Amino acid sequence: MTMAPEGPLAHQQIALVDVLDRLLAGGVVITGDLTLRIADVDLVRIDLRALISSVNANVPSPWEEP
Amino acid sequence: MTDGLRYAYAVVRDTGAPEAALDALTALEGVTGVADEPVYAVRHLGLAVLAGAVPAEDYDEGSLRKRLEDMAWLEKMARAHQRVVDTAGAESCVIPVRLATVCHGDEGLRRMLATGRERFASALDRLEGRVEWGVKAYATRPAAEEPPAGTADTADAADAPSTPNSPSTPNSPSTPGTPGAPGAPSTPSTPGTPGAMSGRDYLRRRKAQRQAAERRWGDTEEGARLVHDTLSGLAEQSRLHPPQDPRLSGISDRNVLNAAYLVRRQDSADFAERVGELAGRTPALRVELTGPWAPYSFTAMDETSGTEGESAGTDG
């Protein structure tokens, strides 16, 4: 992935949180053959739980089928 | 082989050419997927889905559920998914599929294309030639409540909030114990009493500090709004993501804007340049640009500008 071309704005490594912002709340939600809903997953990790709740706060039911 | 589990990454237009000629697949040469597997395409109904064969021991429903509880594993999967999608989308239009979409065999992938046919087709029409840019803004740290020792006269920070460290401050703070009360003792008479300053001066100074801090936070909100409004005007669509949690980002500065903008590919350089200009005009903010990304945040029609960030305000 090409990053920002400008000096002060450029950074080398893509932050995981930026990736997750897009992968967890973006992309076409479509029924695959496995109906995994991440809301069902026992999120034992505090950091992941924080992420999911912050997503949930603003995006209604991001894990449900449309 | 057509049996076994398939992990889907993205959908592209099937140009009708032989498989090797799919731009997205060509771009993916040497790039492997979430299970280090090669990525291939299954074509159906004028569409093609980029997918990989993944082992059942990790990707059947029960296993995947368990795996996703493991942050390290989630990270590996997310990064691989992103790498495939963004590499495939570097030159041509790809429609990312939601993380962890798994089908049974090539037949399952074809069913997925058939089920989502209209949505994929309309997304391809809408997003062709567009890329996503991410812009985040952070409040730079507010002025400290207590000035460091030896810099007593910080009240004048209120006069010049935009140049907090201006060396041209007329009242030099370097002489201890002088401001306002020449005859005062140089050490506090009781603990907690500021030395060399009357109570009224102290309160006045605190008030000025507080007001300066408030003004600065105000500038932060206003700056974030300015950035978002300006960039929304340049972009075809915008979307506000929730501000990032510092526990996840590892960045303690308050995230006041976390937005995605859909921009025509050829306008990317101009867009990045405008972001740089805006960063220069908003000293209360630290602005970060990421991208170009595949249009992850714009795959659903009804999601455009739909989410309200905590602080970026309303947006049409």
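Of the 66 residues of chain A, 32% count as buried. The secondary structure of this chain consists of 2 helices and 0 strands. These values, like those that follow, belong to a predicted model.

Chain B has 316 residues, of which 39% are classed as buried. Its secondary structure amounts to 9 helices and 8 strands. Among the contacts in chain B with a separation of 6 or more, 74% join residues that are 24 or more positions apart. The chain is divided into two parts, domain 1 (5–128) and domain 2 (129–316). Where these domains of chain B touch, domain 1 supplies 10 residues and domain 2 supplies 8 residues. On the domain 1 side, the elements that give two or more residues are helix H4 (71–88), strand E4 (95–104) and helix H6 (117–127) of chain B. The residues on that side divide into 7 nonpolar, 1 polar and 2 charged.

Helix H6 of chain B, one of the elements on that side, merits a closer description. Within H6(B), the residues Phe120(B), Ala123(B) and Leu127(B) are buried. These three lie on the same side of H6(B), because they cover an arc of only 65 degrees around the axis. The spacing has a general background: an α-helix has 3.6 residues a turn, so residues three or four places apart point the same way. The other side of H6(B) carries Glu118(B), Ser122(B) and Asp125(B), which are exposed. Against which elements do the buried residues of H6(B) pack? Their partners are strand E1 (5–13), strand E3 (47–54), E4, helix H5 (105–115) and strand E5 (130–139) of chain B. Just after H6(B) comes Gly129(B), which takes a positive phi of about 75 degrees. Gly129(B) is also the residue at which domain 2 (129–316) begins.

Strand E1 of chain B, one of the elements against which the buried residues of H6(B) pack, is mostly covered, with 9 of its 9 residues buried. E1(B) is joined to E3(B) by 8 bridges, and the two strands run antiparallel. In this region Ala10(B) stands opposite Leu50(B) of E3(B). E1(B) is also joined to E4(B), in this case by 6 bridges, and this pair likewise runs antiparallel. Here Ala8(B) has Thr101(B) in E4(B) as its bridge partner.

E4(B) also contains Ala100(B), a residue that has a positive phi of about 65 degrees although it is not a glycine. For context, most residues other than glycine have a negative phi, and most peptide bonds are trans. Is Ala100(B) buried or exposed? Ala100(B) has 25 other C-beta atoms within 10 Å, and it is therefore buried, the threshold being 20 or more.

Another non-glycine residue with a positive phi is Asp36(B), whose value is near 60 degrees. Asp36(B) is found in the loop between helix H1 (23–27) and strand E2 (40–44) of chain B. With 10 C-beta neighbours inside 10 Å, Asp36(B) counts as exposed, since a residue with 12 or fewer is placed in that class.

A further part of chain B is an open sheet. In it, 4 strands follow the order E6-E7-E5-E8 (chain B), and the pairing is antiparallel. Strand E6 (237–240) and strand E8 (285–293) of chain B stand at the edges; each has a single partner strand, so one side of each is left without a neighbour in the sheet. Direction ignored, neighbouring strands of this sheet are turned by 20 degrees against each other on average. At the E6 edge, E6(B) pairs with strand E7 (residues 255–264) of chain B in the antiparallel sense over 4 bridges. One of the pairs in this region is formed by Leu240(B) and its bridge partner Ala259(B) in E7(B). E5(B), listed between E7 and E8 in the strand order, is also among the elements against which the buried residues of H6(B) pack.

The E8 edge has a backbone feature of its own. Pro292(B) is located in strand E8 of chain B, and the peptide bond from Gly291(B) to Pro292(B) is cis, with omega near 0 degrees.

Definitions and conventions: Residues numbered from 1 in each chain as written. Chains lettered and ligands numbered in written order. Predicted model: local features only at pLDDT ≥ 70, side-chain atom pairs only at ≥ 80, totals over all residues. Contact = placed C-beta atoms within 7 Å. Domains from an automatic or database assignment. Nonpolar A, V, L, I, M, F, W, Y, C, P; charged D, E, K, R; others polar. Arc of directions from axis to C-beta. Pairing = 2+ DSSP bridges. Axes fitted to C-alpha atoms, helices over the stretch in contact; angles between N-to-C directions.
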